[in-house]
Amino acid sequence: MKCPCCNRELFEGYIYNSSNPVQWIPNGKKPPRIVFRETEAGVSLKNKFDLFKIGTYHAEAYYCEACHLVIAPTE
Ligand SMILES: [Zn+2]
């Protein structure tokens, strides 16, 4: 995947969260209070849940070193 700003190749990686799916949540909205849930106001990133490491979510994400930018696909 290429950076939309500088067109360099992005580094592959992930964003980790322990007990809730990784989401982008708009300002003024609250994160979910219950574990393993998403908030309705949020946009879910492409999460992978690992049953064997209980309570771990990994959202696919890419990093541009030049622009200091993280890009994460949503579901
Ligand atoms: Zn860039």
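**Briefing: a six-stranded chain and its β5–β6 loop**

His68 is located in the loop that connects β5 (57-64) to β6 (69-71). The model is predicted, and its mean pLDDT over the chain is 91. The chain contains 6 strands and 0 helices, and strand β5 pairs in the antiparallel sense with β1 (residues 11-17). The points below begin with the chain as a whole and then turn to strand pairing, the β5–β6 loop and Phe36.

**Overall architecture**

- Read along the sequence, the elements give the pattern β-β-β-β-β-β, with 0 helices in the chain.
- The C-alpha trace spans about 40 × 35 × 20 Å along its principal axes.
- The chain has 75 residues, of which 11% count as buried.
- Among contacts with a sequence separation of 6 or more, 49% are made by residues 24 or more positions apart.

**Confidence of the prediction**

- A pLDDT of at least 70 is reached by 92% of the residues.
- Among the elements of the chain, β6 has the highest mean pLDDT, at 98, and strand β4 (residues 47-49) the lowest, at 82.

**Strand pairing around β5**

- Strand β1 and β5 are antiparallel and share 7 bridges; within this pairing, Tyr16 has His58 of β5 as its bridge partner.
- Strands β4 and β5 also run antiparallel, joined by 3 bridges.
- Lys48 stands opposite His58 in β5, and His58 is likewise the bridge partner of Tyr16.
- Strand β5 is further joined to β6 by 3 bridges in an antiparallel arrangement, in which Tyr63 is partnered by Val70 of β6.

**The loop between β5 and β6**

- The hairpin formed by β5 and β6 has 4 residues between its strands; Glu65, Cys67 and His68 are among the residues of this loop.
- His68 is not a glycine, yet its phi is positive, at about 55°.
- Most residues other than glycine have a negative phi.
- His68 counts as exposed because only 12 or fewer C-beta neighbours are allowed for that class, and His68 has 7 inside 10 Å.
- Glu65 is exposed as well, with 12 other C-beta atoms within 10 Å; a count of 12 still falls in the exposed class, since that class takes in residues with 12 or fewer.
- The C-alpha atom of Glu65 lies 9.1 Å from that of Arg8, although the two residues are 57 positions apart along the chain.
- Cys67 is partly exposed, because 14 other C-beta atoms lie within 10 Å and the partly exposed class falls between the limits of 12 for exposed and 20 for buried.
- Leaving aside residues up to four places away in sequence, Cys67 touches Cys3, Cys5 and Cys6.
- Cys67 and Glu38 are 29 residues apart in sequence, and their C-alpha atoms are 29 Å apart in space.

**Phe36, in the loop between β2 and β3**

- Phe36 belongs to the loop between β2 (23-24) and β3 (43-44).
- Phe36 has a positive phi of about 65° and is not a glycine.
- Phe36 is exposed, with 11 other C-beta atoms within 10 Å, a count that meets the limit of 12 or fewer for exposed residues.

How values were computed:
Residues numbered from 1 in each chain as written. Predicted model: local features only at pLDDT ≥ 70, side-chain atom pairs only at ≥ 80, totals over all residues. Helix = DSSP H or I, 4+ residues; strand = E, 2+ residues; numbered from the N terminus. Contact = placed C-beta atoms within 7 Å. pLDDT = per-residue confidence, 0-100. Pairing = 2+ DSSP bridges.
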